[in-house]
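Okay, thanks everyone. I'll talk through two contact surfaces today, and I'll start with a term we need for one of them.

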Amino acid sequence: MKCLLNINELKVYYFTRRGVVRAVDGVSLNISRGEVLGLVGESGSGKSTLGISLLGLVPPPGRVVGGSIIFDGIELTKLSADEFAKIRGRRISMIFQDPMTSLNPLMKIGDHLMETIMIHENIPKNEARERSIKALEEVGIPPERFNDYPHQFSGGMRQRVMIALAILLNPDLIIADEPTTALDVIVQAQIIDLLNNLRKQYNMSILLISHDIGVVSEIADKIAVMYAGHLVEMADVDVIFKDPLHPYTSALLRAVPLIESKYEKLYYIPGSPPDLVNPPKGCRFHPRCPHATDICRTREPRTVSIEDHIVKCWMYCDTYE
Amino acid sequence: MIRMSRVIISAINLTKYFPVQRGFLERLISRKLEYIRAVDGVDLEIKEEETFALVGETGCGKTTTGRLLVRLLEPTGGDIFFRGIRITHIKGEELRKLRRHLQIIFQDPYASLNPRMKIGDAIGHPLEIHDIAKGREKRQIVLEMLEKVGLTPAERYYELYPHQLSGGERQRVVISRAMILKPDFIVADEPISMIDVSLRAKILELMVDLKKEFHVTYLFITHDLATAKYISDRIAVMYLGKIVELATTDELFSNPLHPYVKALISAIPRPGPKAERERLLLRGEIPSPINPPSGCRLHPRCPFKIRICSKEEPKLLEKERGHYVACHLY
Ligand SMILES: Nc1ncnc2c1ncn2[C@@H]1O[C@H](COP(=O)(O)OP(=O)(O)OP(=O)(O)O)[C@@H](O)[C@H]1O
Ligand SMILES: Nc1ncnc2c1ncn2[C@@H]1O[C@H](COP(=O)(O)OP(=O)(O)OP(=O)(O)O)[C@@H](O)[C@H]1O
Ligand SMILES: [Mg+2]
Ligand SMILES: [Mg+2]
């Protein structure tokens, strides 16, 4: 598979009064064409910050301070605001957890869709209308709802509208940040199925961000695990579940009640998530890690790759080099 | 294991209708008063020391049922019994005494604590209200409780205010406050849904430990079937104000009968390889509880519906021993 997105040593910091929040602190990853990468981790680990940095939407006091994001040959971190606006929506689009925040409540959803097309493409109105109707049909919304306002839709339907907007311009990459977190299980399954069908149909890549590793595993090809601004492990979804290497990944898998869990007893991760202004020295997970040794407390582990399996943990540094 | 299982709390044909709030103009135009049928004829029996889970999608009436059972809401109809005594309409001093035995833990640990009260005082408050302990004695009981829920050093936590605690710690405070009176029955309404994934298991385990220690019975409300499976002995599944299936947890997951329950179970994300598994997907979303569909409330979404389904409401019947289902297919 051809590589579509290449993130290398990306650093995104928030310069707050309390200090510098190292939300994304040296993350490297690739996404191929047509691939779904699931990004998981605890609250505050930097998942959303990574997602919005791909769209040039990191809000102040946040800023990309280092590294590169190469998307289909284009270095995104160097783009001007105008140049980014041409890529956003058209080649990379985003679906948020709460569709209401991204839909204009005073605008009929049909007009919303048409306007989105016409901003990016110079086409006649009736053609824009046809394409909008087609996009709605694609996500299972009948054309008669074209003139309805967002508040007339249920949560699940609104998320479908968001997906219609996201696929409207046939982008190469969709960033979906907790797209089903606000939805019920049955509707969640409907939305995940929809995303899965669309990506097969259009060969789109998806970065699926979620705190729920169960949901992610439904459609992801690969899973990336973030902890305190670092990418600590990445591998094929089956490998992550069968053979996790990083102690944090194993802990995360055991801590989530999964319906077909191989663990009898629930387990929890001792301690609490670190403060990103003052992250622990060495490996950021060491205060909560059952395997921590002296080196973990003092030096940050390198990221090693064992075939396609990437892990950032001292346990694997010596053996595999 | 055979255990004497007496019923601690039961409901018979319990209903709660909320009048629909309308704008002034609308009220002028239409005189007809409409109701949200939040709980619409629920029968259930919860046994001493069991953990009974109530699951279902948003708006199906779980919270309302829980609040009715602990008498925080006045029922529209039906009856509630606590250890065989009818408590449906008791009031005043009698109700105040009953409160000691029936407690509730709310979903949002942020909203359910007074921001200006030290957490030690918040936990000890019920002891004062019920004239059980005050002053030093109260402090001692609270400190012991803080130890039990892992908020240590207890002396330090006693003096903190809610905003100084993390979400997980706050939920421990809320649990402590519900436990301090050693109640018999606790409604835990989505106690972990607002807590970060990495901390959820810890809270669940704490609840299990406290249950063993205090011999308390839980009604555990959740929309997450995996959590229900982990924590509960029996499960009831609600749809639009009604219980559609009720069974032991093992039985419900190994042999679900109701199409809605089958759909719920098949919708649960399963980790591991993306083996294209067969999913039973229902069309659409839950209809409005104001004018629920005629007959079986699931029929507009049900792939198995037969003629009778739109005409007659199915009753909740015992299909196999201890396994109840409300569906015309059975
Ligand atoms: N606008 C902002 N200003 C300052 N700090 C921020 C801002 N946005 C995020 N942060 C901080 O950056 C860190 C990473 O946040 P981010 O939202 O990326 O995490 P997340 O993994 O998406 O978490 P969640 O699962 O809660 O959505 C957190 O410590 C957060 O407090
Ligand atoms: N005080 C109230 N006044 C009017 N309607 C109410 C009130 N409380 C609940 N309802 C309505 O009753 C129905 C059932 O609500 P309830 O909160 O019991 O559902 P739930 O199953 O707990 O949902 P959730 O999973 O979202 O918490 C909903 O349609 C709700 O809008
Ligand atoms: Mg986020
Ligand atoms: Mg509720």
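So, a salt bridge here is a side-chain nitrogen of Lys or Arg within 4 Å of a carboxyl oxygen of Asp or Glu. With that in hand, look at Lys148(B) and Glu213(B): their side chains meet in a salt bridge, at 3.4 Å from N to O. The pair counts because 3.4 Å falls within the 4 Å cut-off. Keep in mind that this is a predicted model.

Where does that pair sit? Chain B is divided into domain 1, which is 7-101 plus 184-325, and domain 2, which is 110-182. So domain 1 of chain B comes in two segments, by a domain assignment that is automatic or from a database. The centres of the two domains, taken over C-alpha atoms, are 30 Å apart.

Now, how do the domains of chain B touch? On the domain 1 side 16 residues are in contact with 15 residues of domain 2. Between them the two domains bury about 1,600 Å², with 70% of that on carbon and sulfur atoms. The count of salt bridges between domain 1 and domain 2 of chain B is 1. For polar contacts, we get 3 residue pairs between these domains, both residues at pLDDT 80 or more. Which elements on the domain 1 side give two or more residues to this surface? They are α3 (92-99) and α8 of chain B. α8(B) gives the most there, with 7 residues. By class, that side of domain 1 has 10 nonpolar residues, 6 charged and no polar ones.

Okay, on to the other surface, chain B against chain A. Here 37 residues of chain B are in contact with 41 residues of chain A. The two chains bury about 3,400 Å² between them, and 59% of it is on carbon and sulfur atoms. How many salt bridges cross this interface? The rule finds 0. It does find 2 residue pairs in polar contact between chain B and chain A, again with both residues at pLDDT 80 or more.

On the chain B side, the elements giving two or more residues are α8 (197-214), α9 (225-231) and α11 (259-267). And here's α8(B) again: it gives the most to the side that touches chain A, with 8 residues. That side of chain B divides into 18 nonpolar, 5 polar and 14 charged residues.

So if you take one thing back to your desks, take α8(B): it gives the most to the side of chain B that touches chain A, and also the most to the side of domain 1 that touches domain 2 in chain B.

Methods: Residues are numbered from 1 along each chain as its sequence is written. Chains are lettered from A and ligands numbered from 1 in the order in which they are written. Side-chain values use heavy atoms; hydrogens and water are left out. Contact means heavy atoms within 4.5 Å. Buried area is the accessible area (1.4 Å probe) that two parts lose on being put together, summed over both. A polar contact is a pair of N or O atoms within 3.5 Å; within protein, one must be able to donate a hydrogen and the other to accept it, and residues adjacent in sequence count only if both atoms are side-chain atoms. Helices (H or I, at least four residues) and strands (E, at least two) are DSSP runs, numbered from the N terminus. Ala, Val, Leu, Ile, Met, Phe, Trp, Tyr, Cys and Pro count as nonpolar, Asp, Glu, Lys and Arg as charged, and the others, Gly among them, as polar.
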